[in-house]
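User: I've just pulled up this entry and would like to talk through how it is put together. Could you take a few questions on it?

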Amino acid sequence: MRLAAIDIGSNAARLLIAEAVTDKETSGVRFNKLNLVRVPLRLGFDVFEKGEISKEKRGMLLQTMKAYSHLINAYGVKQVIVCATSAMRDAANSSDIIRKVKMETGLEIEIISGELEASIIYENHVAENMDTDHSYLYIDVGGGSTELTFFADGKLIFKESFNIGTIRLLKDLVSEEQWDLMKDTIKVKTRGYKKIAAIGTGGNINKIFSLSKKKDGRPLTIDLLKDYYKELSSYKLEDRIKIYNLRADRADVIVPALLIYINVLRWADSDEIYVPKIGLADGLIQHLYEELHPKVQPAG
């Protein structure tokens with residue numbers, strides 16, 4: 001069975017097409033990626049400053065959704081889920097955009113809450129494959145918000161969404177009160193549990209992991225993140241692009257993303273972060289499959 005998930009974020013829109021394959025040994029299911037496409041729409045740059053998505057960005061979003069619709073049809077996908085996060089949550093004209101996209105492509109966008117976003121990322125069940133000597137804190141940093149999900153003693157302890165994202169930081173739209181709320185939440189709600197290992201998702205932490213040349217499955221240390229933050233911050237944007245071979249839409253947001261990850265790790269008293277190659281789109285694929293097959297458990 002082929003499934004597709006579209007994640008319309010504050011920095012980019014992603015289309016993931018995957019095939020659900022039954023694992024004969026476990027009778028569970030695994031998801032083989034057939035295609036992953038990313039278009040840097042950068043909706044958050046409009047929304048967080050002006051409160052709505054501009055005419056130019058609306059046109060870009062519509063063209064992107066048309067292209068994704070064609071790809072979905074070309075792959076013979078029968079089941080699709082389309083979700084939008086922080087930028088579309090905050091945009092005053094999001095309902096008009098949703099209506100236009102539905103009318104011209106047949107794709108129905110659902111704006112999801114930050115809490116549901118955190119849950120869907122958690123549905124990848126990464127922590128279930130980790131050892132029982134730690135607690136696990138999922139950290140998903142986006143352009144408009146950061147989702148935290150805390151997993152300990154075999155169960156979900158809390159999930160929270162904070163309006164602290166890379167684009168908001170670039171635009172100087174994050175207050176000290178918002179940072180304090182995140183800090184206090186982490187410190188209070190993780191207190192008394194086993195030592196925390198962090199799990200990072202999002203394009204920026206994946207890029208840092210790639211730059212680090214670490215082997216898959218090995219964690220990044222907080223000291224290494226601090227080194228990258230200091231190093232990357234020291235260069236102008238154009239130099240960052242050249243030296244690290246970064247796309248322009250990655251080079252500007254990677255520094256504020258590192259700041260968020262470092263702060264969360266500090267407040268959680270955690271000194272390392274694992275970087276599995278997962279994100280909201282992966283969670284959406286699994287979420288869609290489980291809606292269609294509620295009794296079938298994913299293969300470990």
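User: Is the crossing of helix 2 and helix 4 left-handed or right-handed?

Analyst: Quick caveat: this is a predicted model, where local features need pLDDT of at least 70, side-chain atom pairs count only at pLDDT 80 or more, and totals for chains, interfaces and linings use all residues. Residues are numbered from 1 along each chain as its sequence is written, and side-chain values use heavy atoms, with hydrogens and water left out. Helix 2 (residues 55–74) and helix 4 (residues 94–105), both DSSP runs (helices are H or I, at least four residues; strands are E, at least two; numbered from the N terminus), pack at about 35° with their axes 10 Å apart; axes are lines fitted to C-alpha atoms, for helices over the stretch in contact, and angles run from 0 to 180 degrees between N-to-C directions. With left-handed meaning the near helix is turned anticlockwise from the far one by less than a right angle, and right-handed clockwise, the crossing of helix 2 and helix 4 is right-handed.

User: How do the residues of the contact of helix 2 with helix 4 divide into nonpolar, polar and charged?

Analyst: Helix 2 brings Arg58, Leu61, Leu62, Met65, Lys66 and Ser69, and helix 4 answers with Ile97, Lys100, Val101, Glu104 and Thr105; contact here is heavy atoms within 4.5 Å. Ala, Val, Leu, Ile, Met, Phe, Trp, Tyr, Cys and Pro count as nonpolar, Asp, Glu, Lys and Arg as charged, and the others, Gly among them, as polar. On that scheme, the contact of helix 2 with helix 4 has five nonpolar, two polar and four charged residues.

User: Why is one side of strand 3 and of strand 5 left without a neighbour in the sheet?

Analyst: An open sheet of five strands runs in the order 3-2-1-4-5 with mixed pairing. Strand 3 (29–39) and strand 5 (110–111) stand at its edges, so each has a single partner strand. Pairing takes at least two DSSP bridges between two strands.  The reason, then, is their place at the edges, each with a single partner strand.

User: Which residue stands opposite Cys83 in strand 5?

Analyst: Start from strand 1 (residues 2–8), which pairs with strand 4 in the parallel sense over six bridges; there Asp7 stands opposite Cys83. Strand 4 (residues 79–84) is also joined to strand 5 by two bridges, again parallel. In strand 5, the residue opposite Cys83 is Glu110.

User: How many residues are between strand 1 and strand 2 in their hairpin?

Analyst: Seven bridges join strand 1 to strand 2 (residues 13–22), and the two run antiparallel. One of the pairs is Ile8 with Ala13. The hairpin of strand 1 and strand 2 has a linker of four residues.

User: How far apart are the C-alpha atoms of Val29 and Tyr289?

Analyst: Val29 belongs to strand 3 and is buried at 3% relative accessible area (buried is under 20%, exposed over 50%, partly exposed in between, with a 1.4 Å probe and protein chains only). Tyr289 is among the buried residues of helix 13. The two are 260 residues apart along the chain, yet their C-alpha atoms are separated by 9.5 Å.

User: What should the 13 residues of helix 13 span?

Analyst: Helix 13 (residues 280–292) is mostly covered, with ten of its 13 residues buried. The expected span is 1.5 Å times one less than the number of residues. Its end C-alpha atoms are 18 Å apart, which agrees with the expected 18 Å.

User: Which are the edge strands in the sheet with strand 8?

Analyst: Six strands form an open sheet in the order 8-7-6-9-11-10, with mixed pairing. Each edge strand pairs on one side only, and they are strand 8 (155–162) and strand 10 (220–221).

User: What angle does the direction of helix 7 make with that of strand 8?

Analyst: Strand 7 (residues 146–152) and strand 8 run antiparallel, joined by seven bridges, with Phe151 partnering Leu156. Helix 7 packs on this sheet and touches both strands; its direction and that of strand 8 make about 175°.

User: By class, which residues make up the contact of helix 7 with helix 12?

Analyst: The axes of helix 7 (residues 176–189) and helix 12 (residues 254–267) come within 9 Å and cross at roughly 40°. Trp179, Met182, Lys183, Ile186 and Lys187 of helix 7 meet Leu259, Ile260, Asn263, Val264 and Trp267 of helix 12. By class, that contact has seven nonpolar, one polar and two charged residues.
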